[in-house]
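Colleague: I am new to this model and would like a close look at one part of it. Please begin with a single residue and work outwards from there.

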Amino acid sequence: MKLPAFIHKLEVSTKRTLAIILAMSLGAVFPQAHALGAYAIPALIFFMLLMSFSDTSFSKGSVKKSHLLILIAMSALSIGAYYLLKSFHAELAISAFLIGITPTATAAMVITNMLGRRGDYVATSMILSNIYAALAIPFLSQTVVHASVSIDFGKLLLYCGMMVGIPFVLSRAIRMLPSGQTGIIQRTKRLTFPAWVLVLFLVLSQCSHFLRQADVPLKAIIMVFAVASAFCVINFVLGFFLGEKEFRRECSQSLGQKNTMLTLWVALTFFSPFIALGPTFYVICHNLWNSYQLARHGSRKD
């Protein structure tokens, strides 16, 4: 039986957005799946990066002025938020610092391509910002935050290198294969969105498990969520204005969609579960923003 026209239109314009919201909702409801995340999430992100890098060309002009502005904004926002909040709540200030210094997400290229924008711009931002974060987090945590812990620079750089460097090198090798072989890669690339939806499910499952286990007052949870939400809006809006005219959306995505897996790992490894709440809530915020973007983009195409 033929579906009514309005249902068909709704399905076309919002199916990806609904998939994102459903994955996040199921992850929140089923915290039991969190145990799978430690192994599945890195593998899925590796796959998405490999597919996205394989379809991305880089040239001498790939680095734009706005890429440097993104790095400056990361530092300015993280340091500014820390000094703004440190007299109010020391741990909240460190959590805000980690949100601000978080680099471009590894999945940002996937969303940018879905929005019909330049994935190569975001890929360049992701590589530069992740390297920068690996260098800046240990340095700033000692010189600005004056943290009592010492963040292992080697571990941080190795983490970024494993997650970004290896798929990038492999993608360059794939691009050298005969066209028949690269065609298989192109057909496999369509699996990047389902992989990302699965990542969202597992990440939200981890968030749900973490919040259920954490002994944090509701008032503190609301406070951290408010900071993460404000940061999310500021990052996406500021990124839009920092980008050159032809790269406003790409710059917004690069500054707003963040690799929270990195700073969540830093927070849990070197700081405390409370500080990890900032990156945890930012995951929810930037993916809700992505859902809105995809829905709006789909409506415009319809």
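**From one residue to its helix neighbours**

Modeller: Leaving aside residues up to four places away in sequence, L140 touches I79, F97, I101 and V145, where a contact means heavy atoms within 4.5 Å. A word on the basis: this is a predicted model, in which local features need pLDDT of at least 70 and side-chain atom pairs count only at pLDDT 80 or more, while totals for chains, interfaces and linings use all residues. Residues are numbered from 1 along each chain as its sequence is written, and side-chain values use heavy atoms, with hydrogens and water left out.

L140 belongs to helix α6 (residues 119-143); helices are DSSP runs of H or I with at least four residues, strands are E runs of at least two, and both are numbered from the N terminus. With a relative accessible area of 8%, L140 is buried. Buried means under 20% relative accessible area, exposed over 50%, and partly exposed in between, using a 1.4 Å probe and protein chains only. L140 also has S78 at 9.6 Å, C-alpha to C-alpha, although 62 residues separate the two in sequence. Such links across the sequence fit a wider pattern: among contacts between residues at least 6 apart in sequence, 83% join residues at least 24 apart.

Stepping back a little, the protein chain has 13 helices and 0 strands, and 52% of its 302 residues are buried. One of the buried residues is S95, at 1% relative accessibility, which sits in helix α4 (residues 90-101). S95 touches V224, I275, L277, G278 and P279, again not counting residues up to four places away.

Now to the helix pairs. Helix α3 (residues 65-85) and helix α10 (residues 218-242) have axes that come within 11 Å and cross at roughly 150°. Axes are lines fitted to C-alpha atoms, for helices over the stretch in contact, and angles run from 0 to 180 degrees between N-to-C directions. The crossing angle makes α3 roughly antiparallel to α10, since angles over 145 degrees count that way, under 35 as roughly parallel, 65 to 115 as roughly perpendicular and the rest as oblique. From α3 the contact uses S66, L69, A73, L77, A81 and L85, and from α10 it uses V227, F231, I234, N235, L238 and L242. These divide into 10 nonpolar, 2 polar and no charged residues; Ala, Val, Leu, Ile, Met, Phe, Trp, Tyr, Cys and Pro count as nonpolar, Asp, Glu, Lys and Arg as charged, and the others, Gly among them, as polar.

Helix α10 also packs against helix α11 (residues 248-256), at about 145° with the axes 7 Å apart. Here the contact has 7 nonpolar, 5 polar and 2 charged residues. Helix α11 is largely enclosed by the rest of the structure, because 7 of its 9 residues are buried: E250, C251, S252, Q253, S254, L255 and G256.

F231 of the α3 contact turns up once more in the largest nonpolar core, where M48, W196, V203 and F231 touch the most other members out of 91 residues. Helix α9 (residues 192-213) gives the most to this core, with 12 residues. A nonpolar core is a set of buried Ala, Val, Leu, Ile, Met, Phe, Trp, Tyr and Cys residues joined through side-chain atoms within 4.5 Å. Beyond residues up to four places away, W196 touches I20, M48, A107, I111, Q257, N287 and N290.
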